[in-house]
Amino acid sequence: MSLGVVVLAASEGGAAALGPALKANRVQADERIAVTLITPHAVEQAHGVKVLRLPSTRRGALATVARAMQNSMIGRNVARFTPLDPNARFYKELKRHPDAYRTALEADMLIAADRNSILAAWRIARRSRKPAQQGLNAGFAAVIRQFNRS
Amino acid sequence: MTSHEDPPHLLYVAWGFPPNRGGGVYRALATANTFAEQGWKVTVLTVNPEAFEVTAGVDESLLDHIRPDVDVVRIDYDVASTQTDLTAWSWPRARFTELWMAQRVLRNMLAFPEPGSGSWRRTVEKAALRIHEETPVDLTIGTANPYIDFAPGYALHKAAGVPYILDYRDAWQLNILSGRRVTGPRSLVARTERKLMRSAHQVWFVNQPILDWHADLYPDVAGRMRVVMNGFDAELADFPADRRDPDSTRLVFGYIGTLYSEVPFRTILEGWRLAKTHAPELADAAFRVHGYLGHQGDYRPDALALFDEFAHTGASYEGPVGKATIADTYAGFDALVLMIGPGRHVTSGKVFEYMATGLPIVSVHDAQSGAVSVLEGHASWVLASEMTERAIADAFIAGARMAAAQTAAERAAIQSWAARYERRNQLLPRIAELEGQLNKRGEKR
C-alpha cells in the first residue's frame, strides 16, 4: 500500500526544511510513503522526494516590494489585503500548473510547510476532502499515524 | 521521608513531561522520579503527547525512564498552536492566519498572561482540583516554562491551603540572554508573578544569578528562594573512561543539544575552519552536531545552509538523539563543543552532561556565561578568550591537543570530580528540607 504525501512550500525555507523534517521524524520517502514537494524554489531534496517546481510569475520591483513586506508582521498582514499576498499567490500559481494541482488533489495527505502555503493546502483539502496539516512535524506525525493504521 | 502515616502526595505540574523532547524535560523527569524514589506519592499533571508532535517534538524513549510508581495524568492541551488539522480551520484563519492568532493571543492573555497557553488555565486547574479531591495533595510543584504550570499550585493553595513551589527553569520577566527586564512593573505578567511569589512556599531557580535577580525584585520572598541546579542523569554516571578508539588519529568533536539562533554559529564554523588550516591534528577532524535546530522543532534554514557551506570542513548535522542512545552518542566523540547563548544567567543543562563524560570541553560562548562558574575546575576545559574566529580556532586547537593527550585516568578523575552534579544530588537536599517542613506543618495541625 502506498501513501501519497504532498508537501506545499511557498518559501525557500519551507522547502529546505523538508529533508531535515523527514530525518527528524524518521520517515523514508519511498514507494510506501511517496513524498512530493510542490514549490517555486530550486532546492536540493532528500533522496526519494519528487519535486514539482512551480514557475514563479513575479519578477522585478513588485517582487522586491512583496519580499520586503514579508519581513515584518505588519508588512505581512497589510500584504494579505493586496494582490501581493504570497498566500493567495501561491494558490493561484499552483492552480495554473495542471500537474502540480492534480497531484495535490490526489494526495492522501497534504502538508503546508510554511505560512504562505496554508491557504493552498486548506482550499485543496476542502475540495478533495483529504486530510491536511499545518507544519512539517505535525504533518509527518499524521502521516505516520495514517500509515500505521493502514 | 516524613512521619505521615501515608506518604506525602506531590502534585507535579509539568507541561513538558515525557515523551516531550523539549528543554527542561530531563529536569521534570528527574524531579518526579527522585521524589517517588524518596517515598513520596507522586502525581504528574501533564498534557497528551499529541501536543508535543506539533510543538517541541517527541522522544518516545523517554517514556521508559518514568518510574512505574509515578502516576501520570494526561489532559488535553487544546490551544490554537496545537490545532494543526487544516480541515478544521475556518476561512478567516486560513486566509489571515497571523491576524487570527493575534486575537486568540489577546483572549489567552486575559485568562493567564502567557500568549500561547493562557486558555489552558481552566482545564489544568480543574484537573488539579479533581486530583486533590481524589487523593489530597500535600505539595504542588509547577515547573516553568510554560508559566501556566504555576496556575494549578496557586488554585489549590487558594482552595485548600496546599503549599506550592514555583520551579523556574528560565525567567518570566528577565531575558536571560540580554539580562534585561522584558515586562513593565504594572504589566499583567508582573502582577501575576507578584501574586504567585507572595504565597509560594519556595521558589526554585537553576542558578544563583537568576535567583539574585529575583531576590532584588522580590526582597520579601528572598528567604524562600533556593537554587536547584540542573545536573546529569544516571545513565551518564557510568560513562567509559577509555578513549573511543586509541588507535584512531582522526578526532571527532561533538555537540549534543538544541542549536539556538542566539549562538553565533557562523563565527564558530569559521573558527573551526581556521583551526583546521593551522593544526595538523585537526586536518581530518570531524565536527558533528546532534540535536534540534531551533526551539520549536523548526529546521532553521539558515543553520542548514551553514552546514552545507562548511561541509568540506567535516562539520555535519546529524539530527536528534533520543535519551536511550545519548550515552552511545557521547561515546563516539573525542571532545565536546559547548555552544550556548550569551549571558551570565545562562547555565544550560547540557554543561552537566558534558562534565559527566569527562571528555575535553571546548567552550565557544560568552566568557560571562553562567556555565563558566560551573566549569571552573574542570581539568580538560578550554574557553575561547573571545568570540572571534581567531580565538575560537585557538580554543579548538587546544581542545584537540587535550583530546589527543587525555588518558583514561585523567578522564576518570574528571568524572569523579563531576559526580556532584548528578541531578539526584541536587534534588535530595531540597526534598529533605521539604520533608522537615511538611512534618512541622503536620505536627502543628
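The following exercises, with worked solutions, concern a predicted model.

**Exercise 1. The order of the sheet in chain B**

Task: In what order do the seven strands of the open sheet in chain B stand, and which strands stand at the edges?

Solution.
Step 1. The order is E3-E2-E1-E4-E5-E8-E9 in chain B, and the pairing is parallel.
Step 2. E3 and E9 (225-227) of chain B stand at the edges; each has a single partner strand, so one side of each lacks a neighbour in the sheet.
Step 3. On average, neighbouring strands of this sheet are turned by 20° against each other, direction ignored.
Step 4. Helix H7 (residues 188-199) of chain B packs on the sheet and touches E5, E8 (202-205) and E9 of chain B. The direction of this helix makes about 130° with that of E5(B).

**Exercise 2. Strand pairs and their bridges**

Task: Find how many bridges join E2(B) to E1(B), E2(B) to E3(B), and E4(B) to E5(B), and give a bridge partner or opposite residue for each pair.

Solution.
Step 1. Strand E1 (residues 9-13) of chain B pairs with E2(B) in the parallel sense, over five bridges. Opposite B:Val42 in E2(B) stands B:Leu10.
Step 2. E2(B) also pairs with strand E3 (residues 70-75) of chain B, in the parallel sense and over six bridges. B:Thr46 has B:Arg74 in E3(B) as its bridge partner.
Step 3. Strands E4 (residues 139-144) and E5 (residues 164-168) of chain B run parallel and are joined by five bridges. B:Gly142 has its bridge partner in E5(B), namely B:Leu166.
Step 4. For the surroundings of E2 (residues 41-47) of chain B, take the cut-off for buried as under 20% relative accessible area. Six of the seven residues of E2(B) are buried, so this strand is largely enclosed by the rest of the structure.

**Exercise 3. Helix H1 of chain B**

Task: Which β-α-β unit contains helix H1(B), and what are the expected and actual spans of this helix?

Solution.
Step 1. Helix H1 (residues 25-37) of chain B forms a right-handed β-α-β unit with E1(B) and E2(B).
Step 2. H1(B) has 13 residues, which at 1.5 Å a residue should span 18 Å. The end C-alpha atoms of H1(B) are 18 Å apart, in agreement with that value.
Step 3. Of the 13 residues, 12 are buried, so H1(B) is largely enclosed by the rest of the structure. Among the buried residues are B:Tyr26, B:Leu29, B:Asn33 and B:Phe35.
Step 4. B:Gly39, just after H1(B), has a positive phi of about 95°.

**Exercise 4. Helix H12 of chain B and its approach**

Task: How many residues of H12(B) are buried, and which residue just after H12(B) takes a positive phi?

Solution.
Step 1. Eight of the eight residues of H12 (residues 350-357) of chain B are buried, so this helix is largely enclosed by the rest of the structure. They include B:Lys350 and B:Glu353.
Step 2. Just after H12(B), B:Gly358 has a positive phi of about 75°.
Step 3. In the loop between strand E13 (335-338) and H12 of chain B lies B:Ser348. B:Ser348 is not a glycine, yet its phi is positive, about 75°. Its relative accessibility is 16%, so B:Ser348 counts as buried.

**Exercise 5. Backbone exceptions**

Task: Where are the cis peptide bonds that involve B:Asn145, and is A:Arg129 buried or exposed?

Solution.
Step 1. Most residues other than glycine have a negative phi, and most peptide bonds are trans.
Step 2. The bond from B:Ala144 to B:Asn145 is cis, with omega near 15°. The bond from B:Asn145 to B:Pro146 is also cis, with omega near 5°.
Step 3. B:Asn145 is in the loop between E4 and helix H6 (151-160) of chain B, and B:Pro146 lies in the loop between E4 and H6 of chain B.
Step 4. In chain A, A:Arg129 has a positive phi near 55°. A:Arg129 lies in the loop between helix H7 (118-128) and strand E5 (132-134) of chain A. With a relative accessible area of 74%, A:Arg129 is exposed.

**Exercise 6. The contacts of B:Gln173**

Task: Which side chains make polar contacts with the side chain of B:Gln173?

Solution.
Step 1. B:Gln173 is in the loop between E5 and strand E6 (174-175) of chain B.
Step 2. Its relative accessibility is 0%, so B:Gln173 counts as buried.
Step 3. The side chain of B:Gln173 makes a polar contact with that of B:Glu193 (2.6 Å) and another with that of B:Tyr218 (3.1 Å).
Step 4. Leaving out residues up to four places away in sequence, B:Gln173 touches residues including B:Arg180, B:Val189, B:Trp213 and B:Leu217.

Methods. Residues numbered from 1 in each chain as written. Chains lettered and ligands numbered in written order. Predicted model: local features only at pLDDT ≥ 70, side-chain atom pairs only at ≥ 80, totals over all residues. Heavy atoms only, no water. Buried < 20%, exposed > 50% of the residue type's maximum accessible area, 1.4 Å probe, protein only. Helix = DSSP H or I, 4+ residues; strand = E, 2+ residues; numbered from the N terminus. Pairing = 2+ DSSP bridges. Right-handed = clockwise from strand over helix to strand, strands pointing away. Expected span 1.5 Å × (residues − 1). Axes fitted to C-alpha atoms, helices over the stretch in contact; angles between N-to-C directions. Contact = heavy atoms within 4.5 Å. Polar contact = N/O pair within 3.5 Å; in protein donor to acceptor, adjacent residues only side chain to side chain.
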